[in-house]
Amino acid sequence: MCSYSAVDRAGADCYSRSLGWLTRVYNQNPSCSVAIGNGGHGFGTAKVPAAAHGIFSVGALSSRTSDSWGQNAPWSNRGPNVVGRMDPDIVSVGWSATGDIPLNYRSDANSAWSSWGGTSLATPIAAGLMALVAQAWQANLRDHPGSPEFRDSVLSTADDRASEPSGAG
């Protein structure tokens, strides 16, 4: 299980090439999560390497306590991706999420929190949840899940949060 997030240049950057090599040559059975990007509004904004084999493209959804709770973040990229697949594959909290900040940034521990967002926040959360699913798989079936089976299991048991097909998740 791995998590990846970086700026891409249409698949020409070293990160995309490295992830492509990892999923096609070194290990054809990985389950990696990749931040789909925060570029936003409109369809066809999904970034590579989210279209690669063995990749879960991760988008951001809202954790706000308002009318936007559970909706895809408007700035979270959407599919279809470069190979025509609807993205994101899965979404996680990445909009108005609260969390801790280093204590040396605040004068007291009670105020050592902040609110932030982005697909780079949603991706490690999704990767952690998928690691728990893989751990349960191994504990119950005494075997490591293959990439296709693991992908099918995660996607078929997730809640559908899509308000439109190209904003899946």
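The paragraphs below lead through the nonpolar core of this predicted model, a pair of packed helices and one buried arginine. Residues are numbered from 1 along each chain as its sequence is written, and side-chain values use heavy atoms, with hydrogens and water left out. Because the model is predicted, local features need pLDDT of at least 70 and side-chain atom pairs count only at pLDDT 80 or more, while totals for chains, interfaces and linings use all residues.

A nonpolar core is a set of buried Ala, Val, Leu, Ile, Met, Phe, Trp, Tyr and Cys residues joined through side-chain atoms within 4.5 Å, where buried means under 20% relative accessible area (1.4 Å probe, protein chains only). The largest such core here has 13 residues, and those with the most contacts inside it are Phe-56, Val-58, Met-130, Phe-150 and Val-154. Two or more residues each come from β3 (55–62), β4 (90–95), α2 (119–141) and α3 (147–157), helices being DSSP runs (H or I) of at least four residues and strands runs (E) of at least two, numbered from the N terminus. The largest share, 5 residues, belongs to α2.

The helices α2 and α3 pack at an angle of about 115°, with their axes 11 Å apart; axes are lines fitted to C-alpha atoms over the stretch in contact, and angles run from 0 to 180 degrees between N-to-C directions. Their contact (heavy atoms within 4.5 Å) is made by Met-130, Val-133, Ala-134 and Trp-137 of α2 and Glu-149, Phe-150, Ser-153 and Val-154 of α3.

Helix α3 also holds Arg-151, which counts as buried because its relative accessibility is 18%. Leaving aside neighbours within four places in sequence, Arg-151 is in contact with Ile-55, Phe-56, Arg-85 and Asp-89.

Note on methods. Buried means under 20% relative accessible area, exposed over 50%, partly exposed in between (1.4 Å probe, protein chains only).
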